[in-house]
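Trainee: Please pick one part of this protein and take me through it closely. I would like to see how the pieces there fit together.

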Amino acid sequence: MAERAPDDWTRVEQGLWEAFRHGRIHDLRAGDAEQDDPFGEAEWGPERTVRAEVLSRLLLDGPAAVPGRVASLKLTGARITGPLRLAGGTIGHYVELHDCRFEQKVLMSEAEAGTLRFVGCLVPRLEASRLVTSGDLHLARCRIPDGLRLTDARIGTDLLLNQSVLGADRYGRAVSADGLGVNQDVEAERIEVRGELSLRTCRIGGRLSLRGAQLHAVPGNRTCLNAVRMTVGHTLYLTSSADFGWVGSQAYYGSGYGESPAPDAPSTPFRAFGRVRLSDSRFESACLISGEFHLEGDDELSLRRIQTPELRFSCKVPPTGRVSLSRARIGNLVDDPDAWPRGRRLGLTGFTYECLRPVAPFTVQQRIAWLEGSSVEFQPESYEQLAAALRRDGADDDAREVLYAKQRRRRQTLPLPARIWGRMQDVTVGYGFRPGRAALWLLLAWALGSLYFSTHELQPLKADERPHWNPMLYALGQLLPVVDLGQQGWNPGGADQWVVSGLVIVGWVLATTVAAGATRMLQRG
């Protein structure tokens, strides 16, 4: 293999040949920040120009390394002309390009590589569908105006997109990564995307972090994040990113993964301007959502049928559109009463959860309003689910309050006769959840009956038998008709008969409602 660069290569390209053989960085920067900015307006002349075909030659059929060195492509501050064509090739060398300016797109579809690092580079478009790497793929702090394609790519370790800026292709997609597989983490912290970020059916072995990301839908495509049927082996972060360590940072990771900002520390929230779809996704550790969701028209934050041991929903500003948790299955629900949308924009059909762990005081009345503020009609299973979760936490009184609210809400859906009967049960014994009311009503009826009969002594049934008259025991015997208090030998007539009938009816109504409440208590037990 040749040890000298081809004679028709420029001096800059020949220098890159030698740097490649020695594994050294070939730095073409001028030393001036404004002049060296790959996103700036400064012109880069021949002294900083490398043809893309030179990079292809080095990576696909490059020279042997100098003895004792490892050949690698390390290029900084270069203007790269022409399309970089690596599609279908095998890249056996380490690649790291810093602050480079590509004039045309990079083609790496179906290529195989170790670790690829493009850091702070301007790339018009990157085509890397079905790319396979054994190491990392870094695209940190890059600008890719016409979008990135990673469909069905396989990344051996981490995918990094921190602080990158991406624009949309002609279909309104900025990142097309459907079917992507990443063995470890995907970090896209503080990324700025104008267009759809599509991660449908992707499988991520570790975390997916979109902390501080700014996602904007574009006209013609109202979806800014599409991650349906995604599997994340650890945690999804749609949360804020602490400003400390990021502003002006030249590091790949900013302030370090996993660091949580102090509550009063300056931070940049996750923001989504458009539809967000996470339906049917699975998060093996947790799903953390505390960003801003600016939803318009039919836009929705869809968490339908997601599965995760913990959902943390603590947005400081409630989403402006609909949030759907229909058929989602959650372990711990960690939320804030002020985080949920208002105005019947919440879908809870079939939503199940094991435990409630609010981050702020969340009263049972607020929980009931949370249920009743959903966007569908009366659903008894939602009340049963909430009551069961409260009971598991030992809040039996709150659980009874929820079931009482369920009966009151159910009454609104019944025909008129059933509503009247339900209203009577509510007023008298609170559907069995207010047993103290029955005692009060019985006492009141007994007091009124006793007062009436104290001035209206009845005639005996038999003239020759006159039992001892006790107006209090007589009134009580009518209220409790199955109990004989020795006052059955009297014959009411006229107005007295109507009073007796009223006491009997009141007694039976109270008895049946108490029995209905006791039956519900036994069924719940």
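Mentor: Happy to; what follows is a close look at one sheet, with some words on the protein around it.

Please keep in mind that this is a predicted model, in which local features need pLDDT of at least 70 and side-chain atom pairs count only at pLDDT 80 or more, while totals for chains, interfaces and linings use all residues. Residues are numbered from 1 along each chain as its sequence is written, and side-chain values use heavy atoms, with hydrogens and water left out.

The part I have chosen is an open sheet of 3 strands in the order β2-β4-β8, with parallel pairing. Strands (E, at least two residues) and helices (H or I, at least four) are DSSP runs, numbered from the N terminus; two strands pair if DSSP finds at least two bridges between them. At the edges stand β2 (49-51) and β8 (101-102); each has a single partner strand, so one side of each is left without a neighbour in the sheet. Look next at where β2 meets β4 (residues 79-81): 3 bridges join these parallel strands. Here Val 50 stands opposite Ile 80 in β4. Helix α3 (residues 52-61) packs on the sheet and touches both β2 and β4, a contact being heavy atoms within 4.5 Å. The direction of α3 makes about 60 degrees with that of β2; axes are lines fitted to C-alpha atoms, for helices over the stretch in contact, and angles run from 0 to 180 degrees between N-to-C directions.

Now step back to the setting. The protein has 10 helices and 45 strands. Of its 525 residues, 53% are buried, meaning under 20% relative accessible area (exposed is over 50%, partly exposed in between; 1.4 Å probe, protein chains only). Among contacts with a separation of 6 or more, 53% are between residues 24 or more positions apart.

Two loop residues elsewhere are also worth finding on your screen. Asp 152, in the loop between β16 (148-149) and β17 (154-155), has a positive phi near 60 degrees, and at 35% relative accessibility Asp 152 counts as partly exposed. Arg 229, in the loop between β28 (223-226) and β29 (231-232), has a positive phi of about 55 degrees although it is not a glycine. Arg 229 is partly exposed as well, with a relative accessible area of 47%.
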